[in-house]
Amino acid sequence: MLVSATEMLQKAKAGHYAVGQFNINNLEWTKSILLTAQECKSPVILGVSEGAGKYMGGYHVVVGMVNGMIQDMGIDVPVALHLDHGTYEGCQKCIEAGFSSIMFDGSHYPIEENVQKTTELVKIAHEKGMSIEAEVGSIGGEEDGVVGMGECADPEECKAIADLGVDFLAAGIGNIHGKYPANWQGLSFETLDAVQQRTGDLPLVLHGGTGIPADMIKKAISLGVAKINVNTECQLAFAEATRKYIEAGKDLEGKGFDPRKLLAPGAEAIKATVKEKMELFGSVGKA
């Protein structure tokens with residue numbers, strides 16, 4: 001069954017490792033990630049953007065698919081189903097549909113409105129036994145139409161949001177969604193350290209995990225990051241493996257591509273990517 005992400009992330013912060021959030025977009029991605037988590041004995045967070053939820057047919061469809069896979073494939077590692085960069089309305093819908101975790105991205109609101117909306121969602125989520133993530137300082141790049149310039153969060157604003165009772169906090173520290181440009185200045189560890197000092201034991205979240213050098217990942221974990229989001233790297237691996245399969249011309253003697261065979265190389269590529277990240281994050285064997 002699905003679980004809140006709170007306990008797994010508290011353990012991760014105390015144990016100086018991070019749990020991976022891997023975004024899902026269809027059945028194949030979900031199956032690959034769950035099987036890899038089971039193989040690695042790692043807790044895992046399945047992230048769902050609002051766009052991906054709509055693409056897969058709606059939030060109830062996603063919950064039914066994930067719960068069914070956990071049951072039928074015998075997955076017994078901790079699994080959280082988490083709304084990624086949710087709007088206020090999207091959070092309400094995912095609470096109703098049966099997600100076990102939500103992220104309210106109120107970073108684009110004035111701090112007063114962010115506080116007001118976050119306060120309300122914290123109360124509702126905790127009444128349902130769900131975990132909730134908040135964000136301060138928008139993450140650079142674009143994800144499902146959500147655009148951020150990558151500014152660093154104000155540590156005092158982070159404390160204000162943390163004090164509302166959120167379970168984990170995403171603080172902008174120069175990280176971006178998508179590929180990092182050649183002139184990227186790197187993560188602001190000074191900001192991250194200041195945020196941790198003001199938020200104490202609260203697990204911190206690093207969005208945009210694709211392309212961040214391993215030494216930066218490990219330093220971020222040492223400064224309180226307990227959840228790292230990965231999406232673009234899985235997209236690239238899936239697309240490249242699928243492209244190679246198509247170009248190889250394996251079309252079943254002219255009868256057309258079998259969709260199960262067409263998607264299999266991409267699914268294997270995602271498994272390899274997820275396993276590599278779990279090893280880097282230190283979550284292998286922590287279930």
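This is a short walk through a predicted model, one selection at a time.

**Stop 1: helix H2 and its neighbour H4**

Start by selecting residues 27-40, which make up helix H2, and add residues 59-72 for helix H4. Look along the pair: the two helices pack at an angle of about 40°, and their axes are 11 Å apart. H2 and H4 are therefore oblique to each other. If you care about handedness, this crossing is right-handed.

Now show side chains at the contact. From H2, pick Leu27, Thr30, Lys31 and Leu34; what they meet in H4 is Met65, Val66, Met69 and Ile70. Colour that contact by residue class and you get six nonpolar residues, one polar and one charged.

**Stop 2: the contact of H2 with H11**

Keep H2 on screen, hide H4, and bring in helix H11, residues 259-281. How do the axes of H2 and H11 cross? They come within 9 Å and cross at roughly 40°, so H2 and H11 count as oblique to each other. H2 passes H11 in a right-handed crossing.

For the side chains, select these two groups:

- On H2, take Glu28, Trp29, Ser32, Ile33, Thr36, Ala37, Glu39 and Cys40.
- On H11, take Leu263, Ala267, Ile270, Lys271, Val274, Lys275 and Met278.

By class, the contact of H2 with H11 has nine nonpolar residues, two polar and four charged.

**Stop 3: a salt bridge along H11**

Stay on H11 and pick Glu268 together with Lys271, a residue from the contact you just looked at. Glu268 and Lys271 form a salt bridge, with 3.8 Å between the closest N and O atoms. The two residues sit three apart in H11, which means about one helical turn separates them. Switch on a surface here: Glu268 is partly exposed at 49% relative accessibility, and Lys271 is also partly exposed, with a relative accessible area of 22%.

**Stop 4: the network on H10**

Next, jump to helix H10, residues 232-247. Select Arg243 and Glu247, a salt-bridged pair whose closest N and O atoms are 2.6 Å apart. Because these residues are four apart in H10, about one helical turn lies between Glu247 and Arg243. Buried or exposed: where does Glu247 fall? Glu247 counts as exposed, at 56% relative accessibility. Arg243 is partly exposed, with a relative accessible area of 35%.

Before leaving, extend the selection to Glu240 and Lys244. Together with Arg243 and Glu247, they are linked in a network of salt bridges. For the whole structure, the count is 14 salt bridges.

**Stop 5: a salt bridge between two strands**

For another of those salt bridges, select Glu133 and Lys227; their closest N and O atoms are 2.9 Å apart. This pair links distant parts of the chain. Glu133 belongs to strand E5 (residues 131-136) and Lys227 to strand E10 (residues 225-230), with their positions 94 residues apart in sequence. Try a surface view again: Glu133 and Lys227 are both buried.

**Stop 6: Ala80 in strand E3**

Now move to strand E3, residues 79-86, and centre on Ala80. Ala80 is buried, with a relative accessible area of 0%. Which residues touch Ala80, leaving aside its neighbours within four places in sequence? Select Leu2, Val3, Ser4, Ala5, Met8, Val44, Ile45, Leu46 and Ser100 to see the set.

For a distance check, draw a line between the C-alpha atoms of Ala80 and Val63. It should read 11 Å, for two residues 17 apart along the chain.

**Stop 7: two positive phi angles**

Stay in E3 for His85. This residue is not a glycine, yet its phi is positive, about 50°. Most residues other than glycine have a negative phi. His85 is buried, with a relative accessible area of 9%.

Finish at Lys41, back beside H2, in the loop between H2 and strand E2 (44-49). Lys41 is another non-glycine with a positive phi, here about 55°. Put the surface back on and you'll find Lys41 partly exposed, with a relative accessible area of 40%.

Notes
Residues numbered from 1 in each chain as written. Predicted model: local features only at pLDDT ≥ 70, side-chain atom pairs only at ≥ 80, totals over all residues. Heavy atoms only, no water. Axes fitted to C-alpha atoms, helices over the stretch in contact; angles between N-to-C directions. Parallel < 35°, antiparallel > 145°, perpendicular 65-115°, else oblique. Left-handed = near helix turned anticlockwise from the far one by under 90°. Contact = heavy atoms within 4.5 Å. Nonpolar A, V, L, I, M, F, W, Y, C, P; charged D, E, K, R; others polar. Salt bridge = Lys/Arg side-chain N within 4 Å of Asp/Glu carboxyl O. Buried < 20%, exposed > 50% of the residue type's maximum accessible area, 1.4 Å probe, protein only.
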